[in-house]
Amino acid sequence: METISYTVPAEKDGAPVRHILKGVLRFSAHAVSRLTRTESGILVNGVHARTVDVLRAGDVLTVETGDHRKPKTPVVPGNWPLPVVWEDGHLLVVNKPAGMTAHASNFLPDTPTVAGALAWTRGTDFLFHPVNRLDKGTTGLMVVAKSGYVHNLLRRMLHTREFYREYRGICVGCPSPERGTVSAPIGRDTASTVARMVRPDGAEAVSHYEVLERREGLSLVKLVPETGRTHQLRVHMASAGCPLAGDWLYGTEDAALISRPALHSYGLRLVHPVTGEILLLQAELPEDMAGLLHPPGADFAGAAP
């Protein structure tokens, strides 16, 4: 079981264990309650402690961060390729391929899942806590917490400087101007059970973009979401008149061009919520997207001016 340790500083002398757990280490009330029912959940200087116990300067508080329960719904393991690009005892980062969903769905029962791929390599008791979920067709970096505690910390960090995500999209056409921000609220499209749309009564949604390359009516665009609405980048690019290539929902389906929306989670800068380590990770464009820009034997126009 993974743990974290905290050495009580002088200014916290006399604080009860509960105060440190909730106010400093940011455990939820539910998590604290669960820890009290575990023999080694809370230790002070290696000895079992209660939440009402008073801490003294120099005491070492050790707390288990792992989950103490099994998955509510059994996960069906699957031998599906899922590269892990970074991992420690608290979290891992995978490079999700296209065609894979986060969880199993009644609508897509035979679709490969991240949960199933991890269950295949980690065992069916591995609790799957996805942080930045990616659509089935979206590829690239996806963060998975190994406990509810770390998941909660990471969710609080989303859309802050501590959890910076950068995407690459290939658009049909080229946004004008070639660098800018789309600030347009997004809500449900009443004509569809799946689609979203820009609408004045929608939730605030902000996306930053920059054109990196152009080729024969297509443009490679750097996309940085400031908010996290469903289908946000796809909706915003379509609203700018440049839908993602292959986007059957917001643009034009063209399997001969690419069989999915051309969107890739490319870069990640993450401040580790437990250790404070800064993670800088990249996942290069997958072959289907790279092939749109640099097909074999094609002349390339170069970077956008």
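Trainee: Why is Arg 199 called partly exposed?

Mentor: This is a predicted model. The relative accessible area of Arg 199 is 23%. Partly exposed covers the range between 20% and 50%, so Arg 199 belongs there.

Trainee: What makes Arg 199 and Asp 201 a salt bridge?

Mentor: Their side chains meet at 2.6 Å, N to O. The cut-off is 4 Å, so the pair qualifies.

Trainee: Is Asp 201 buried or exposed?

Mentor: Exposed, at 56% relative accessibility. The threshold is over 50%, so the label holds.

Trainee: Why is Asp 247 called buried?

Mentor: Its relative accessible area is 0%. Buried means under 20%, so Asp 247 fits. Arg 234, at 6%, counts as buried by the same cut-off.

Trainee: What makes Asp 247 and Arg 234 a salt bridge?

Mentor: The N to O distance is 2.7 Å. That is within 4 Å, so the pair counts. Asp 247 lies in the loop between α5 and β15, and Arg 234 in helix α5, so the bridge ties together parts 13 residues apart in sequence.

Trainee: How do you know that Asp 13 and Arg 56 link distant parts of the chain?

Mentor: The two side chains meet in a salt bridge at 3.1 Å, N to O. Asp 13 is in the loop between β1 and α1, Arg 56 in the loop between β3 and β4, 43 residues apart.

Trainee: Why are Asp 13 and Arg 56 called partly exposed?

Mentor: Asp 13 has 40% relative accessibility and Arg 56 has 44%. Partly exposed lies between 20% and 50%, so the label applies to Asp 13 and to Arg 56.

Trainee: How many salt bridges does the whole structure hold?

Mentor: The search finds 13.

Terms used
Residues numbered from 1 in each chain as written. Predicted model: local features only at pLDDT ≥ 70, side-chain atom pairs only at ≥ 80, totals over all residues. Heavy atoms only, no water. Helix = DSSP H or I, 4+ residues; strand = E, 2+ residues; numbered from the N terminus. Buried < 20%, exposed > 50% of the residue type's maximum accessible area, 1.4 Å probe, protein only.
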